[in-house]
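Colleague: I would like to go through this structure and ask how each label was reached. Please show it first.

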Amino acid sequence: MSDPFGIVDGAKQVTKTLNESVKASEELSKAIDGVLAVADKAAKERAASRKNSRVVSPDTTTIIEAVDEFQRLMLAKESEEKIKHEITKKYGSHAWDEIQGIKARKQWEEKRDKYLEQNDRRVMKSVMALCYMFATWVAYECTWGRWK
């Protein structure tokens, strides 16, 4: 029996289009899941690293590291005092005040850069979430919505 109106061909074409949209949405979901898995893995690694850096065990290496850090801090303080003495002796106390101002500015810039980096990461995560929602919406519309 022939199909003079092309209904069978149209139904085949619609089925083919639906299958392709389902495949495309699956591939898109896999790609987004891959990106989210990488981001999740990196976050877990950073969290584990932070946790490991805070863990204090009673072994001797931790104590030795603590003593070494204390000695470095004391050496830095002593060096700063020597430098302060030399600067004030050579240029006056005003020069040391300027150096302290520069030091404070550099610390402030580092904090600001760190904050801006965290803000950029938040924005990137928001954009990624919006892309995921948009891809979900497109896949829905292609599969069951108006565009089928």
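Modeller: Note that this is a predicted model. Helix H1 (7–54) and helix H3 (93–143) each supply at least two residues of the lining of the largest pocket.

Colleague: What makes a residue part of the lining of the largest pocket?

Modeller: A lining residue has an atom within 4 Å of a point of the pocket. The residues that line the largest pocket include Ala39, Asp40, Arg46, Gln118, Arg122 and Met128. The volume of this pocket is about 380 Å³.

Colleague: How many residues of each class are in that lining?

Modeller: Six are charged, five are nonpolar and one is polar. Arg and Asp count as charged, and Ala and Met as nonpolar.

Colleague: Why is Cys131 called partly exposed?

Modeller: Buried means under 20% relative accessible area and exposed means over 50%. Cys131 has 47%, which lies in between, so Cys131 is partly exposed.

Colleague: And what makes Cys142 partly exposed?

Modeller: Its relative accessibility is 27%, and the limits are 20% and 50%, so Cys142 also falls in between.

Colleague: How many disulfides does the structure have?

Modeller: Zero, from a search of the whole structure. A pair would need cysteine sulfur atoms within 2.5 Å.

Colleague: What share of the protein is buried?

Modeller: Of the 148 residues, 8% are buried, each with under 20% relative accessible area.

Colleague: What pattern does the protein follow along the sequence?

Modeller: The pattern is α-α-α, with three helices and zero strands.

Conventions:
Residues numbered from 1 in each chain as written. Predicted model: local features only at pLDDT ≥ 70, side-chain atom pairs only at ≥ 80, totals over all residues. Heavy atoms only, no water. 1 Å grid on protein atoms, 1.4 Å probe; cavity = no way out; pocket = protein on both sides within 12 Å on 5 of 7 lines; lining within 4 Å. Points joined across faces, edges and corners; volume = space filled by probe spheres on them. Helix = DSSP H or I, 4+ residues; strand = E, 2+ residues; numbered from the N terminus. Buried < 20%, exposed > 50% of the residue type's maximum accessible area, 1.4 Å probe, protein only.
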